[in-house]
Amino acid sequence: RLDVLGLHEFDSVRKRMSVVIRFPSGAVKVLVKGADTTMFSILRKDHKSHHNIQNVTLSHLNEYSSEGLRTLVVAARDLTGEELEEWQFMYEEASTSLTDRSAKLRQTASLIECNLTLLGASAIEDKLQEGVPEAIESLRQAGMKVWVLTGDKQETAISIGMSCKLLTSDMQRIIINGTSENECKRLLFDAKIKYGINSASCNQISTCQRDAENGYLEASASMQSSNLPEPHAGEEGVSDGPLALIIDGNSLVYILEKDLETELFDLATSCRAVICCRVAPLQKAGIVDLIKSRTDDMTLAIGDGANDVSMIQMADVGVGLCGQEGRQAVMASDFAMGQFRFLKRLLLVHGHWNYQRVGYLVLYNFYRNAVFVFMLFWYILYAAFSTTSALTDWSSVFYSLIYTSIPTLVVGILDKDLSHKTLLKYPKLYAAGYRQESYNMKLFWVTMLDTVWQSLVLFYVPLFIYDQSDIDIWSMGSLWTIAVVILVNMHLAMDVQRWLIFTHMAIWGSIVITYGCLVVLDLIPVFPNYNTIFQLAKSPTYWLSILLIIVLALLPRFIVKVINQSFRPSDIQIAREAEILKKNHSYIMSRPDHDTS
């Protein structure tokens with residue numbers, strides 16, 4: 001039975017953990033474990049045998065790391081009575097301090113974490129979860145850039161990168177292992193010159209040519225001019241293969257705290273893969289902030305441990321994995337999942353569906369409200385800004401509250417342009433999101449022009465038809481009310497991608513509910529539109545007017561839709577047509593050899 005006298009937890013500055021223990025014999029020892037980069041600097045160096053043990057342990061660490069194992073160095077030291085008493089006094093004072101507690105605890109730990117005797121090194125196997133390589137490859141095909149930020153040794157990080165297919169044998173590896181600011185600066189500039197990376201060209205990531213298949217930014221032809229320095233003799237020549245950046249935490253200390261962030265950003269965004277090894281938790285957050293502050297791209301961070309919390313909180317979207325390392329990452333995240341491979345479905349399927357639904361609904365809600373407002377605006381002009389009204393107050397309130405709200409909610413929740421199988425099979429379809437195909441300024445203004453046209457048809461067609469009649473303004477208002485509701489619902493029906501029973505009930509039921517509300521309102525004698533709907537419904541002209549309004553209003557939209565889908569189909573449209581063809585049983589039976597093409 002051992003008595004624990006104190007514990008110094010791991011922090012991002014020390015990168016180690018220590019515990020003070022009293023043994024049954026009365027001896028007091030401090031046991032320390034941590035990364036080799038921080039442990040070897042606090043070992044005792046007063047004996048030759050210790051130096052030999054360090055060399056043997058270092059070779060073991062390199063061997064374990066090359067096999068992809070996660071390593072730790074363990075060391076110990078005997079504490080005298082005076083050292084123990086001094087440490088206990090400072091430890092109690094630092095633990096109860098109300099200000100600068102973490103700094104005082106680090107200062108207390110430095111008293112005992114020195115002149116340690118090396119005990120050895122440990123290595124454990126941290127297997128990749130099922131489906132990780134396939135998920136990373138799918139995300140990169142979708143046009144996403146995948147970076148790995150880990151606290152493992154460089155050799156371990158490279159081995160894991162190879163096993164998860166983040167690194168490939170045809171990549172040109174750029175390794176940044178600097179021990180000073182000047183050395184880091186030189187390594188960054190040498191790499192940029194060697195591979196023809198121009199700082200000015202990557203200041204705005206959106207201006208570079210994006211490789212949607214591989215997910216990296218290619219250097220433009222102007223970067224690869226002939227006046228760049230040639231590689232020195234003995235250096236590996238520059239090939240056309242993709243680049244991979246590998247950088248350690250010591251280099252990031254000088255880069256992130258100095259004026260070298262721009263150089264790192266230019267170099268990293270020109271690489272297909274980036275691996276940061278031996279990084280502290282705060283450095284992970286610093287890398288994420290580097291991308292957020294210099295680009296408009298969305299960042300997503302995924303981790304499974306407490307050392308990933310700062311990175312998850314810094315990113316635009318944080319995903320926590322619930323595993324054996326606790327639930328700290330899950331508690332700090334926006335989304336929680338059991339395995340990494342579920343990220344593929346979260347982004348490629350649900351992310352695509354959500355973007356398509358939200359993008360369309362934003363345009364549709366602008367249209368739905370604007371066509372009603374424009375119709376009233378034309379009436380105000382026609383009435384010479386008089387105080388007369390054609391619609392009752394109840395009709396204006398019910399338009400957004402009852403008449404057209406339910407179809408918007410149902411389509412916004414249930415509509416799907418493609419099945420999950422198609423989206424998972426063709427990750428490049430995700431590119432429709434960052435190409436802004438569902439919502440952009442061009443679509444917005446085209447929709448507004450279409451809205452103006454539909455409102456003009458909606459207002460003037462009944463005026464033209466009933467020009468010589470004795471119909472009153474309240475009867476015209478009832479016609480406009482039912483016509484605008486039918487029009488916006490037919491507009492929505494033209495764009496529905498997936499028809500379900502709930503979709504039919506919402507769209508067509510909304511029209512029935514509108515007629516029901518109009519009947520109820522017209523039965524109230526105190527209202528000025530009393531009995532108007534019953535008189536209008538008896539006339540065939542009323543029904544022909546509604547039909548003419550729908551046809552003329554939607555005809556330009558229908559023609560443009562047919563032309564675009566026939567002569568300029570998008571990737572989404574082509575995939576939808578392929579889905580429809582595959583649903584045809586005779587088509588599948590006639591081409592059994594092409595199911596996997």
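Which residues have the most contacts inside the largest nonpolar core? In this predicted model, local features need pLDDT of at least 70 and side-chain atom pairs count only at pLDDT 80 or more, whereas totals for chains, interfaces and linings use all residues. Residues are numbered from 1 along each chain as its sequence is written, and side-chain values use heavy atoms, with hydrogens and water left out.

The largest nonpolar core, defined as a set of buried Ala, Val, Leu, Ile, Met, Phe, Trp, Tyr and Cys residues joined through side-chain atoms within 4.5 Å, has 50 residues, and those with the most contacts inside it are Y399, Y403, W480, V484, Y515, Y542 and I546. At least two residues of this core come from each of α13 (342-382), α14 (393-403), α18 (441-465), α19 (473-495), α20 (501-522), α21 (532-537) and α22 (540-567), helices being DSSP runs of H or I of at least four residues and strands runs of E of at least two, numbered from the N terminus. Helix α19 gives the most to this core, with 12 residues. Not counting residues up to four places away in sequence, V484 touches V371, F372, M375, Y399 and L458, contact meaning heavy atoms within 4.5 Å. Apart from this core lies another, of 31 residues, among them I247, L252, L260 and I287.

Strand β10 (residues 243-248) has 6 of its 6 residues buried, that is, under 20% relative accessible area with a 1.4 Å probe and protein chains only, exposed being over 50% and partly exposed in between. In a regular strand the side chains alternate between the two faces of the sheet. Both faces of β10 are covered, with L243, L245 and I247 on one side and A244, I246 and D248 on the other. Strand β7 (residues 172-176) pairs with β10 in the parallel sense over 5 bridges, pairing requiring at least two DSSP bridges between two strands, and I175 has I246 as its bridge partner in β10. Strand β11 (residues 273-277) also runs parallel to β10, joined by 5 bridges, and V274 in β11 is the bridge partner of L245.
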